[in-house]
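The following exercises are intended for a reader who meets this structure for the first time. Each task is followed by a solution in steps.

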Amino acid sequence: MPYICNTTMSLTVLLFNPRSANSKPRIPNSILQIAASINNKHEYIFVDGNLETDPQKKILDYFRERKIHVFGCTVMPGPQLKQAIPISKKIKQLYPNIKTIWGGYFPSNQPKSVLNSGYIDYIVNGPGDNTFPQLLNAIENNLPVNGIKNLIYKKEDQILKTAKEDLLDLDKLPELPYEKLNAFYPLQKYLGKTYLGKKTIAYHSSFGCPFTCSFCAVVPIYNARWKGKSAQGIYNDIKFLKEKYNGDAIEFHDNNFFVSEKRTVEFAKLIKNENMIWWGEARIDTMDKYKDESLAIIREAGCKMIFFGAETGNDAVLKKMDKGGTQTGAQILKFAERLKKFDIIPEYSFVLGIPSDTEEEADKQINEDIEFIKKVKAINPKTEIIIYTYSPVPTEGSEMYNNVLASGFKFPETLEDWISPAWENFDLRKNPLTPWLKPYMIDKIKNFETVLNGYFPTESDIRFKKWQKNIIRSWSGLRYHTGFYKFPYEIKALQKIWKYRQPEIEGF
Ligand code: B12
Ligand code: SF4
């Protein structure tokens with residue numbers, strides 16, 4: 001029987017995390033942090049689609065068994081929509097008086113289609129740590145919501161957005177209710193075996209990001225703001241998870257964990273003796289400013305691999321992407337070389353197929369990016385390469401949104417459109433449907449990716465054995481070296497048989 005608190009609680013809330021990965025569920029930090037904000041004030045139930053075979057049945061059973069007042073759902077683009085949409089719709093049909101609330105990156109960036117669906121009442125736009133309890137208070141007492149920050153809702157036919165709240169001090173937020181989650185789903189199920197360790201903890205230590213890359217969905221929500229929890233605060237939480245649940249590795253889920261060198265080094269010094277391996281996301285230009293001794297200590301403290309948005313080797317394009325202005329192609333190469341010295345594996349992601357004025361330009365840029373990636377690999381063969389195709393961030397009303405619309409590109413209008421197979425591929429940044437990208441270019445990107453993954457299988461797929469890597473490498477070598485990427489069916493077949501994982505979609 002899941003934990004239900006006995007003290008008198010006001011409302012009962014069901015918090016749903018739709019399925020986001022086929023395997024390896026992670027600690028569902030979004031709903032966990034939201035639960036923390038109402039802990040001991042309202043009763044709550046967790047349902048995690050990653051650990052349920054039929055989450056809709058589970059949710060409807062809860063609705064039948066007890067009075068639930070609010071349904072809260074976290075949504076990122078892509079596969080989570082496949083459960084979030086039909087289940088939210090069903091709840092509204094069966095229980096029209098239940099308040100339905102969505103939070104997370106998808107609804108914050110897509111308020112129109114979400115609210116026009118008619119089955120979502122409120123969107124929490126960015127952090128919900130204050131907004132959610134205030135909204136519940138308003139729902140319970142029938143109060144107006146217009147004074148609550150970080151909220152989007154519909155009044156009559158108008159979509160209204162309230163003011164953005166200043167970023168909160170993470171050290172002052174309530175502790176995450178891990179033990180309550182554990183009563184619904186054993187926490188051990190979330191501490192999976194990954195490339196980093198046997199029991200990997202997913203941890204989120206900061207809000208936002210201080211940069212404004214023009215393609216990034218974090219920017220409209222955080223507007224170049226970043227605030228991190230203190231090194232000591234992070235350490236205390238990790239130590240708790242290590243001692244209580246035997247966590248032995250950490251995946252930092254921050255958009256940009258390494259913003260502050262001081263915080264990273266302090267954390268490294270604290271975690272050093274805990275014998276844990278860790279990973280996080282960073283910017284090349286930020287980390288290239290780190291002192292040698294800082295890089296050495298973070299490696300010594302267990303940081304084995306870092307994810308960086310390299311994007312492209314073309315300086316003009318980097319500028320267009322507004323990568324903060326200081327990242328250059330030369331720096332990307334130099335930094336891959338520099339990390340070799342510290343035995344830290346750079347995981348570089350590239351965005352291919354960026355908007356171009358002509359077909360020739362678009363194709364030329366793809367060819368150059370492919371050559372650049374090969375240069376990175378030649379300098380530091382351990383570099384992990386992640387390839388995305390450029391997908392416009394559909395932030396309604398933004399300048400880029402308008403430019404992309406002007407190019408003939410159309411975003412889905414209804415919520416249901418988002419779960420069509422074509423749009424799912426768009427979300428996974430695999431097939432962007434952008435007018436400047438022709439099918440042969442998409443094929444080229446995909447074929448190169450297949451050959452590259454064949455010749456350099458990812459280190460992070462721990463099920464992939466050495467002998468398997470050797471076979472697939474030898475099959476792909478000729479193609480990689482001669483640049484003949486077309487029709488790589490033999491590599492694809494092996495990847496399919498051996499269920500090759502792509503870390504960009506499923507994580508490690
Ligand atoms: C973990 C994660 C994943 C994991 C999920 C793991 C698992 N098994 O569950 C994996 C690796 C599978 C994944 C995959 C993808 N992801 Co992802 N993911 C994240 C990540 C790193 C952390 C999410 C998290 O836990 N955050 C911590 C919590 C505390 O923060 P939060 O979610 O923002 O929650 C706060 C508020 O948003 C709000 N809130 C959130 N939910 C709710 C719900 C309610 C009811 C309320 C009231 C409030 C609320 O309140 C919370 C507390 O303040 C985020 C980046 C990030 N830092 O958030 C990207 C992120 C969400 N992912 C993103 C993307 C694009 C994807 C992919 C589509 C990428 C791809 N190309 O493959 C895939 C597909 C998703 C899928 N399969 O459904 C983007 C979304 C961007 C966008 N365009 O909207 C992000 C922002 C990364 C990025 N910077 O680009 N992802
Ligand atoms: S540095 Fe990363 S998280 Fe920050 S704005 Fe750029 S792409 Fe987004």
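**Exercise 1. The shell around ligand 2**

By class, how many nonpolar, polar and charged residues does the shell around ligand 2 have?

*Solution.* The model is a predicted one. The first step is to list the surroundings of ligand 2: Cys209, Phe211, Thr212, Cys213, Cys216, Val218, Val219, Asn255, Asn256, Arg283 and Gly309. The second step is to sort these residues by class, which gives six nonpolar, four polar and one charged.

**Exercise 2. The shell around ligand 1**

Determine which element gives the most residues to the shell around ligand 1.

*Solution.* Begin with the shell itself: ligand 1 is surrounded by 42 residues, and the closest are Gly72, Thr74, Gly103, Gly128 and Ala217. Next, find the elements that contribute two or more residues; these are α1 (29-38), β3 (70-74), β4 (99-103), α4 (105-109) and α21 (503-506). Of the elements, α1 gives the most, with four residues. Sorting the shell by class completes the description: 18 residues are nonpolar, 17 are polar and seven are charged.

**Exercise 3. The seven-stranded sheet**

Establish the strand order of the open sheet and identify the helices that lie on it.

*Solution.* The order of the seven strands is β2-β1-β3-β4-β5-β6-β7, with mixed pairing. At the edges stand β2 (43-48) and β7 (158-161), each of which pairs on one side only. On average, neighbouring strands are turned by 20° against each other, direction ignored.

Consider then one pair in detail. Strand β1 (residues 12-17) and β2 run parallel and are joined by six bridges; one bridge partner is Glu43 in β2, which faces Thr12. Helix α3 (residues 80-94) packs on the sheet and touches β1, β3 and β4, its direction making about 170° with that of β3. Helix α6 (residues 131-141) lies across β3, β4, β5 (122-124) and β6 (151-155), and runs at about 155° to β5.

**Exercise 4. Strand β13 and its neighbours**

Which strands are joined to β13 by bridges?

*Solution.* On one hand, strand β12 (residues 277-282) runs parallel to β13 and is joined to it by five bridges; here Trp279 stands opposite Met305. On the other hand, six bridges join β13 to strand β14 (residues 345-352), again in parallel. In that pairing, Gly309 has Ser349 of β14 as its bridge partner. Gly309 also belongs to the surroundings of ligand 2. Strand β13 (residues 303-311) is mostly covered, since eight of its nine residues are buried.

**Exercise 5. Two glutamates with positive phi**

Is Glu156 buried or exposed, and is Glu311 buried or exposed?

*Solution.* Both residues have a positive phi although neither is glycine: the value is near 50° for Glu156 and near 70° for Glu311. Glu156 is located in the loop between β6 and β7. Glu156 counts as exposed because it has 5 C-beta neighbours inside 10 Å, and the limit for exposed is 12 or fewer. Glu311, by contrast, is part of strand β13. With 24 other C-beta atoms within 10 Å, Glu311 is therefore buried, the limit being 20 or more.

**Exercise 6. Lys410**

Where is Lys410 found, and why is Lys410 classed as exposed?

*Solution.* Lys410 is found in the loop between α16 (399-406) and α17 (421-427). Lys410 is exposed because 10 other C-beta atoms lie within 10 Å. Its C-alpha atom is separated by 8.6 Å from that of Thr434, 24 residues away along the chain.

Notes:
Residues numbered from 1 in each chain as written. Chains lettered and ligands numbered in written order. Predicted model: local features only at pLDDT ≥ 70, side-chain atom pairs only at ≥ 80, totals over all residues. Near = placed C-beta within 6 Å. Nonpolar A, V, L, I, M, F, W, Y, C, P; charged D, E, K, R; others polar. Pairing = 2+ DSSP bridges. Axes fitted to C-alpha atoms, helices over the stretch in contact; angles between N-to-C directions. Contact = placed C-beta atoms within 7 Å.
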